[in-house]
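Hi,

Here is the structure I said I would pass on. Have a look at it first, and then read my notes underneath.

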Amino acid sequence: MRIQWSLIIALIFALITAVFAVINVDPVEVNLLFGSVSLPLILLILGCTLLGGLIVGSFGIYRGYRLQKEVKNLNAKLVHIQDATGYAFPDPTAAEPVSAETSADNSADTK
């Protein structure tokens, strides 16, 4: 559901940006370090939006890769610890065994 909301918000932002860019079509002078260039403001707005999206997407991909690597590393450590200690996680689908104390307490409560 979170992905759907993110997609809807991204589409609304893209629509607002496109409308804003279409309204501003006058040519502007852009000063760069090595010179200046004149281009329509619509291209400047859309280009900057695209560049910002690529930068944010790159950071998101890098973060996801880093988190995957950390999960893989932690899983390897967990397997190593389980092998060293002999511990195994209990099966959540299996019924919990009833201890002698619990059954004695239950029989005392019913009397």
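Below is what I found, going from the overall layout to single residues.

One thing before you start: this is a predicted model, so please read everything here in that light.

The overall layout: the protein has three helices and two strands, and along the sequence they come in the order α-β-β-α-α. The chain has 111 residues, and just 4% of them count as buried.

Helix 1 covers residues 2-23. There is a nonpolar patch on the surface made up of M1, W5, I8, I12 and I16, and together these residues have about 570 Å² of accessible area. I16, one of the patch residues, sits in helix 1. Its relative accessibility is 55%, so I16 counts as exposed, the cut-off for that being over 50%. V19 is also in helix 1, but at 44% relative accessibility V19 is classed as partly exposed.

Helix 2 runs over residues 41-85, which makes 45 residues. Does its length fit what you would expect, or what span should it have? At 1.5 Å a residue helix 2 should span 66 Å, and its end C-alpha atoms are 66 Å apart, so the two agree. Right after helix 2 comes G86, which has a positive phi, near 80°. L44 is part of helix 2, and with a relative accessible area of 29% it is partly exposed.

Two pairs of residues link distant stretches of sequence. L44 and A21 are 23 residues apart in sequence, while their C-alpha atoms are 8.6 Å apart in space. V19 and I42 are likewise separated by 23 residues in sequence, with 9.8 Å between their C-alpha atoms.

On the annotation side, the UniProt record, an unreviewed entry, gives residues 37-62 as "transmembrane region". In the model, that span is 85% helix and 15% strand, and its end C-alpha atoms lie 34 Å apart.

Last, the aromatics. The structure holds one aromatic pair. It is formed by Y87 and F89, whose ring centres are 5.5 Å apart and whose planes meet at 85°, so the pair is edge-to-face; the cut-off for that class is over 60 degrees. How accessible is each partner, exposed or partly exposed? Y87 has 47% relative accessibility and therefore counts as partly exposed, whereas F89, with a relative accessible area of 53%, is exposed.

That's everything from my side.

Cheers

Note on methods: Residues numbered from 1 in each chain as written. Predicted model: local features only at pLDDT ≥ 70, side-chain atom pairs only at ≥ 80, totals over all residues. Heavy atoms only, no water. Patch = residues over 30% accessible without salt bridge, like charges linked within 9 Å, V, L, I, M, F, W, Y side chains within 5 Å. Areas by Shrake-Rupley, 256 points an atom, 1.4 Å probe, with all protein chains shown as cover. Salt bridge = Lys/Arg side-chain N within 4 Å of Asp/Glu carboxyl O. Helix = DSSP H or I, 4+ residues; strand = E, 2+ residues; numbered from the N terminus. Buried < 20%, exposed > 50% of the residue type's maximum accessible area, 1.4 Å probe, protein only. Phe/Tyr/Trp six-rings, centres within 6.5 Å; stacked < 30°, edge-to-face > 60°. Expected span 1.5 Å × (residues − 1). UniProt positions renumbered as here; feature names shortened; annotations may be inferred.
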